[in-house]
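User: I would like a close look at one part of this model, with the surroundings described as far as they bear on it. Please keep to what can be computed from the atoms.

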Amino acid sequence: MKTANDGQPTGSRDGLMDHHCAADEGRALWRGNSLPMSATASPILLHTIENTLALGRELGTAARAGDVIALCGGLGSGKTHLSKGITAGAGSPSEVTSPTFTLVHEYRGGRVPVFHFDFYRMSSADEVLGLGWDEYLEAGGLCIVEWADLFPALLPEGTAWWRLSLEGKTGIHTALRLDVAPERPVL
Ligand SMILES: Nc1ncnc2c1ncn2[C@@H]1O[C@H](COP(=O)(O)OP(=O)(O)OP(=O)(O)O)[C@@H](O)[C@H]1O
Ligand SMILES: [Mg+2]
């Protein structure tokens, strides 16, 4: 399983901050210059929906067939908007909607096919497997999974984990690239 950072230099975290982001209250402001290739040192501030879409487009532009991007974060934290950006970055001309009542939406016609999953309404990992999860992983596309942290054992090694948040105090949306899957669901 390849990931977006396979074979890419990861650089130092300080370098990442200097090169890609502006200091803003000690945290990072996404400027859309380049893709965080490893865990981000601090949450990326997404002040506007366009910031979220731009981050997604960067991720989608760098993605290759076989990549998996796992998104976690509470209700309304921005997972679907990031997915929209990722899908656009992968070249799909289609409008992305949340696959709330189906396991997966497929977007073809871009540089790489995108399979957009939402585990929220799945009651068990077996239910996901029964709907053809393994076949999608092997189908040569980019898999994006909202609520991936509900069944983390299903996500293959090399999955790029992102945690989206809506900070209650500030009302600001943020994104953090994680090194590993969260230990428990991020609600
Ligand atoms: N910077 C931002 N990024 C993403 N969404 C934002 C931002 N600012 C405001 N919003 C709003 O936050 C909401 C995020 O919705 P979205 O569907 O992307 O979240 P979600 O994490 O997919 O939710 P769910 O858990 O229900 O699937 C939208 O109503 C959107 O308009
Ligand atoms: Mg969603």
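Which residues have the most contacts inside the largest nonpolar core, and how many residues does that core have? Please take the strand that gives the largest share of this core as the part to examine.

Analyst: The model is a predicted one. Its largest nonpolar core has 41 residues, and those with the most contacts inside it are Ile69, Ala70, Leu71, Ile144, Val145 and Trp162. Strand 4 gives the largest share of this core, five residues, and is therefore the part examined here.

Some context comes before the detail. The chain has 187 residues, of which 45% count as buried. Its secondary structure comes to five helices and nine strands, in the order α-β-β-β-α-β-α-β-β-α-α-β-β-β from the N terminus. Among contacts with a separation of 6 or more, 64% are between residues 24 or more positions apart.

Strand 4 covers residues 68-72. Five of its five residues are buried, so the strand is largely enclosed by the rest of the structure. The cut-off behind this is 20 or more other C-beta atoms within 10 Å of a residue's own. Val68, Ala70 and Cys72 point one way from the strand, while Ile69 and Leu71 point the other way; both sets are buried. In soluble globular proteins, nonpolar side chains tend to be buried together.

Strand 4 has two pairings to describe. With strand 7 (residues 142-146) it runs parallel, joined by four bridges, and Ala70 has Val145 as its bridge partner there. With strand 8 (residues 160-166) the pairing is also in the parallel sense, again over four bridges; in that strand, Arg163 is the bridge partner of Cys72.

Val145 deserves a separate word, as one of the residues with the most contacts inside the core. Leaving out residues up to four places away in sequence, Val145 touches Val68, Ala70 and Leu71, and also Phe117, Phe119 and Leu155.

Phe117 leads on to a contrasting position, Thr102. The C-alpha atoms of Thr102 and Phe117 are separated by 8.3 Å, with the two positions 15 residues apart along the chain counted as their spacing. Thr102 is in the loop between helix 3 and strand 5 (104-107). Thr102 counts as exposed because it has 12 C-beta neighbours inside 10 Å.

Helix 3 (79-89) also belongs to the surroundings of ligand 1: together with helix 2 (49-62), it gives two or more residues to the shell. Of the 17 residues around the ligand, Thr52, Gly78, Lys79, Thr80 and His81 come nearest. The shell divides into four nonpolar, eleven polar and two charged residues.

Methods:
Residues numbered from 1 in each chain as written. Chains lettered and ligands numbered in written order. Predicted model: local features only at pLDDT ≥ 70, side-chain atom pairs only at ≥ 80, totals over all residues. Pairing = 2+ DSSP bridges. Core = buried A, V, L, I, M, F, W, Y, C linked by C-beta atoms within 7 Å. Contact = placed C-beta atoms within 7 Å. Near = placed C-beta within 6 Å. Nonpolar A, V, L, I, M, F, W, Y, C, P; charged D, E, K, R; others polar.
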